[in-house]
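Dear colleague,

I am passing on the structure we spoke about, with notes on what came out of going through it. Please keep it open beside this message as you read.

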Amino acid sequence: MAIATWTGNAARSVAEPYKKNLFLQSLSEEDHDDSGIPASDSKEGDSSHRRERDKDRIECLENGVNSWTDYSKVQYHPKTLYELKGSWADVNKFDDYGIGRDVIAEGSHAEEMNERLRFFIEECDHIQGIQFIVDDSGGFSSVAVEYLENIADEYANTPVLLYNVRDPVSHALPINQRGLITRALHDAVSFSKLASFSKLMVPVGLPSLRSNLSPLLHVKDEKLFYSSAIYAAAIHSISVPFRLEPLRPSTNSTYASGALEIGEIVHLLAGQARQNPVTILDLAMPAPSFTEENNRGAILKYLNPLTPEIGEDDEDPYAVESVTVHGALHSGCNRALISQVKNSICAEYEGRSIKLKFLHLSMFLCPLPIPLPFPSIFTSRVGRHGELLEHEFEGGEPKGSLDVESVPIAARLRSSKAILPFIETRYMNLHKYGLARGSRGDELLRDWGFGREEVEDMGENMSRMLLALDPLSEEASSDSD
């Protein structure tokens with residue numbers, strides 16, 4: 001029997017290897033130089049040459065960051081990174097819940113990822129909990145759900161604090177009706193499933209950082225390098241209490257106060273009389289100084305939400321908040337004492353007509369460092385140590401790590417009914433496109449592997465969240481009936 005074989009020409013296509021940018025090249029030089037100073041810098045000798053070199057590194061990052069590996073300085077453990085190999089050709093197409101669910105179901109991805117987590121957990125003497133960050137705008141949402149479900153099964157008593165983070169670009173609206181329905185259902189399904197496997201969820205990601213943050217920041221929404229720096233600073237700051245050394249009741253510290261473990265913050269915000277697992281994140285960067293003329297809670301006035309689609313909570317007597325302040329300034333470049341920060345913020349809360357149900361305050365003298373490769377996002381009014389200068393230079397270039405060494409920062413997690421619009425939008429979209437008679441998303445949900453009963457369970461899950469926050473909620477009540 002004759003076997004037909006290929007008789008045509010064969011062409012070989014080889015992609016160019018990814019080239020390191022100037023910043024990554026300089027890191028490699030430092031690794032090979034025992035002194036820790038790049039060889040080229042040691043030859044140049046003086047600081048002026050090093051500054052020029054740093055300017056070149058910053059310029060290459062400002063104009064040429066394509067992925068997080070372009071600016072990462074972290075030396076990762078070999079078991080830290082895991083790649084979903086051969087799953088898609090274009091990451092921009094990995095954009096809905098069903099695609100990620102199909103990928104994680106193939107092969108042994110889930111088992112291999114769980115094995116890597118188990119390796120690190122076995123190295124721990126004590127586990128506070130797990131902080132989990134996921135971009136839930138696309139297929140990684142369902143990958144995270146599978147991972148979190150396994151964590152819940154294997155580490156049932158370990159609390160999970162989940163940050164679901166989106167960049168401004170992901171908020172762009174689809175161009176057709178099918179795309180709008182797919183996006184609405186993805187957001188509803190993703191939210192419900194992720195919430196069911198985490199003890200506390202913190203949605204992060206505004207449609208625009210340029211228009212919603214402090215005027216002291218110069219942010220370009222189209223640059224993910226910028227938004228990732230701001231979100232990372234907020235998550236770093238809110239997690240400072242987890243890294244503080246707990247003090248004995250009789251001990252006072254002039255350096256830090258308010259240590260908490262992950263389980264304690266979860267119980268504080270989600271385990272009170274009103275069960276609410278969804279929390280709002282606010283940020284003030286840089287935080288203002290505690291000067292004589294504005295020393296009553298000025299930091300709180302500068303806090304801006306990083307959680308989208310929220311309402312007002314000025315009249316919520318059941319609100320619970322955890323505030324973290326580190327590196328606060330008193331005047332000029334002088335650091336405020338722990339007692340000054342505490343007295344000022346407590347005075348602001350005491351002055352409110354509607355009091356909180358509970359407040360936890362964590363303070364830390366160390367400010368947020370601004371190292372290279374942090375992006376140049378500060379206006380000319382921000383000084384070298386994050387102090388606010390009297391005048392802003394017109395037409396001044398945004399400042400980065402060469403001009404700003406550190407900034408004081410405040411971050412807040414708050415559990416309040418202000419999160420209602422966020423949950424209501426997802427509940428109503430699930431009901432409209434997935435549960436209502438003749439809904440146009442019914443086939444799509446089946447393609448994603450969801451039966452009618454599972455979709456109804458998601459709706460009931462969100463209904464309970466709404467009822468916990470607002471017992472008079474019409475949408476939640478109608479679903480429960």
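Below are the findings, grouped by region.

The model is predicted, so to speak of it carefully, local features need pLDDT of at least 70 and side-chain atom pairs count only at pLDDT 80 or more, while totals for chains, interfaces and linings use all residues. Residues are numbered from 1 along each chain as its sequence is written, and side-chain values use heavy atoms, with hydrogens and water left out.

**Helix α7**

Helices (H or I, at least four residues) and strands (E, at least two) are DSSP runs numbered from the N terminus, and helix α7 covers residues 177-196. The expected span of a helix is 1.5 Å times one less than its number of residues; for the 20 residues of α7 this gives 28 Å, and the end C-alpha atoms are 29 Å apart, which agrees. At the start of α7, a side-chain oxygen of asparagine 176 comes to within 3.4 Å of the backbone nitrogen of arginine 178. This is a polar contact, meaning a pair of N or O atoms within 3.5 Å, where within protein one must be able to donate a hydrogen and the other to accept it, and where residues adjacent in sequence count only if both atoms are side-chain atoms.

The helix is mostly covered, with 15 of the 20 residues of α7 buried; buried means under 20% relative accessible area, exposed over 50%, and partly exposed in between, for a 1.4 Å probe and protein chains only. Isoleucine 181, which is placed in α7, counts as buried because its relative accessibility is 6%, and its C-alpha lies 9.6 Å from that of lysine 432, although the two are 251 residues apart in sequence. Leucine 185, also in α7, is buried at 0% relative accessible area, and its C-alpha is separated by 9.4 Å from that of histidine 431, which is 246 residues away along the chain. Alanine 188, again in α7, is likewise buried at 0%, and its C-alpha is 6.7 Å from that of asparagine 429, with their positions 241 residues apart in sequence.

**Helix α8 and the largest nonpolar core**

A nonpolar core is a set of buried Ala, Val, Leu, Ile, Met, Phe, Trp, Tyr and Cys residues joined through side-chain atoms within 4.5 Å. The largest such core has 53 residues, of which Ile230, Met285, Leu306 and Phe378 touch the most other members. Elements that each supply at least two residues of this core include α1 (22-32), α3 (47-64), β2 (160-165) and β13 (409-415), and the largest share, nine residues, comes from α8.

The 15 residues of α8 should span 21 Å, and the end C-alpha atoms of α8 are 21 Å apart, which agrees. Of these 15 residues, 11 are buried, among them Phe225, Tyr226, Ile230, Tyr231 and Ile238. In the loop between β3 and α8 sits serine 214, which counts as buried at 9% relative accessibility, and a polar atom of its side chain lies 3.0 Å from the backbone nitrogen of leucine 216.

**Loops with particular backbone features**

Methionine 285 and proline 286 are joined by a cis peptide bond, with omega of about -10 degrees, and proline 286 lies in the loop between β5 and α11 (298-301). Glutamate 309, in the loop between β6 (304-305) and β7, has a positive phi of about 60 degrees although it is not a glycine, and glutamate 309 is partly exposed at 36%. Proline 246, in the loop between α9 (240-243) and β4 (256-257), is exposed at 56%, and its C-alpha is 5.4 Å from that of alanine 259, 13 residues apart in sequence.

With regards
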